Amino acid sequence: MTKKLSKKLIESASQTAGPYVHIGLTPNFTGIRKVYKEDLGKNLKPASGDVITISGFVHDGAGALVRDCLLEFTQADDNGKTRLAKVGSNGFSGFNRVPIDLKKGSYKLETIKPGRVKAPDGSPQAPHITVWIVARGVNIGLHTRIYFDDEMEANKVDPVLDLVPKARRSTLIAKSTGKNKYQLDFRLQGENETVFFDV
């Protein structure tokens, strides 16, 4: 005699991204060879525009460094064109995947300074890079943006940045630390939490 199956389905348990973020997404980085020739999004492709470096740390709610973490960056090229617009004119993919350096606890992105992309209404957005952060304990990847402190005029009229309360905008703005070098830390919770977008 078989039991009748209940027609009521229950939600399965949620899953976090760790602790195998690096192994699954950047195996070469972790020392696992021959899975991929190179980790996806590792190298800057030949492109026109100014090469820049953005670096920083990811902190948890208690202020501790999050080492088991990975960041994905998408952006336009220096002309404000995206790969989605089928323009990657100079071989620039607009995509980078950067794991946290396990010893230093920091990330380092080498890319080109993006141009201004048009918003859906046709108005120009400030130069920015979109960021997706995934880590152990994070059930759903966190979406945010990086703006630049040397683009203040463009930042003033950016339609997305305008939605962010003024007191919190600094959590999205990378500070210049030298020629073509910027720094921005991300805070997942707590005081000075980075602004994350529900997308």
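**Strand pairing, cores and salt bridges in a predicted model**

Apart from neighbours within four places in sequence, threonine 53 is in contact with Lys108, Leu109, Glu110, Asn180, Lys181 and Tyr182. The model examined here is a predicted one. Threonine 53 belongs to strand β1, which covers residues 51-59. With a relative accessibility of 17%, threonine 53 counts as buried, because the limit for that class is under 20%.

The contacts of threonine 53 can be placed beside the pairing of strand β1. Strand β1 pairs with strand β4 (residues 106-112) in the antiparallel sense, over seven bridges. Within this pairing, serine 55 has lysine 108 of β4 as its bridge partner. Lysine 108 is also among the residues in contact with threonine 53. Strand β1 pairs in the parallel sense with strand β8 (residues 181-183), over three bridges. Here threonine 53 stands opposite lysine 181 of β8. A parallel pairing of two bridges joins β1 to strand β9 (residues 186-187), and arginine 187 in β9 is the bridge partner of histidine 59.

The protein chain as a whole contains two helices and nine strands. Along the sequence these elements follow the pattern α-β-β-β-β-β-β-α-β-β-β. Of the contacts with a separation of 6 or more, 66% are between residues 24 or more positions apart. The chain has 199 residues, and 37% of them are buried. About 12400 Å² of the chain is exposed, and carbon and sulfur atoms supply 54% of this area.

The largest nonpolar core has 23 residues, of which Ile54, Leu71, Phe73, Tyr107, Ile146 and Phe186 touch the most other members. At least two residues of this core come from each of β1, β2 (69-75), β4, β5 (129-135) and β6 (142-148). Strand β5 provides the largest share, with four residues. Phenylalanine 73, one of the core residues named above, has contacts beyond four places in sequence with Gly94, Phe95, Asn96, Val98, Tyr107, Leu109, Ile129, Thr130, Val131 and Ile146. A second core, separate from this one, has eight residues, including Ala126, Tyr147, Val164 and Val195.

Nonpolar residues also occur at the surface. Ile23, Ile32, Val35 and Tyr36 form a nonpolar patch there, with a combined accessible area of about 360 Å². Valine 35 is located in the loop between α1 (21-25) and β1, and its relative accessible area of 48% makes it partly exposed. Lysine 34 is in the loop between α1 and β1 as well. Lysine 34 has a relative accessible area of 83% and is exposed.

Backbone angles were examined next. Most residues other than glycine have a negative phi. Lysine 34 has a positive phi, near 70 degrees. Asparagine 180, which is not a glycine either, has a positive phi of about 60 degrees. Asparagine 180 is in the loop between β7 (173-178) and β8 and is partly exposed, with a relative accessible area of 28%. Asparagine 180 also appears among the contacts of threonine 53.

Five salt bridges were found in a search of the whole structure. In one of them, glutamate 72 is joined to arginine 97, and the closest N and O atoms are 2.7 Å apart. Glutamate 72 is in strand β2 and arginine 97 in strand β3 (residues 95-99), so this pair ties together parts that are 25 residues apart in sequence. Glutamate 72 and arginine 97 are both buried.

Glutamate 151 forms a salt bridge with lysine 113, with the closest N and O atoms 3.1 Å apart. Because glutamate 151 lies in the loop between β6 and α2 (152-156) and lysine 113 in the loop between β4 and β5, the pair ties together parts that are 38 residues apart in sequence. Glutamate 151 counts as partly exposed at 22% relative accessibility, whereas lysine 113 counts as buried at 14%. Lys113 and Glu151 are linked with Asp150 in a network of salt bridges.

A further salt bridge lies within a helix. Lysine 156 and glutamate 153 form it, with 3.3 Å between the closest N and O atoms. These two residues are three residues apart in helix α2, so about one helical turn separates them. Both lysine 156 and glutamate 153 are exposed.

Terms used:
Residues numbered from 1 in each chain as written. Predicted model: local features only at pLDDT ≥ 70, side-chain atom pairs only at ≥ 80, totals over all residues. Heavy atoms only, no water. Buried < 20%, exposed > 50% of the residue type's maximum accessible area, 1.4 Å probe, protein only. Contact = heavy atoms within 4.5 Å. Pairing = 2+ DSSP bridges. Patch = residues over 30% accessible without salt bridge, like charges linked within 9 Å, V, L, I, M, F, W, Y side chains within 5 Å. Areas by Shrake-Rupley, 256 points an atom, 1.4 Å probe, with all protein chains shown as cover. Salt bridge = Lys/Arg side-chain N within 4 Å of Asp/Glu carboxyl O. Core = buried A, V, L, I, M, F, W, Y, C linked by side-chain atoms within 4.5 Å.
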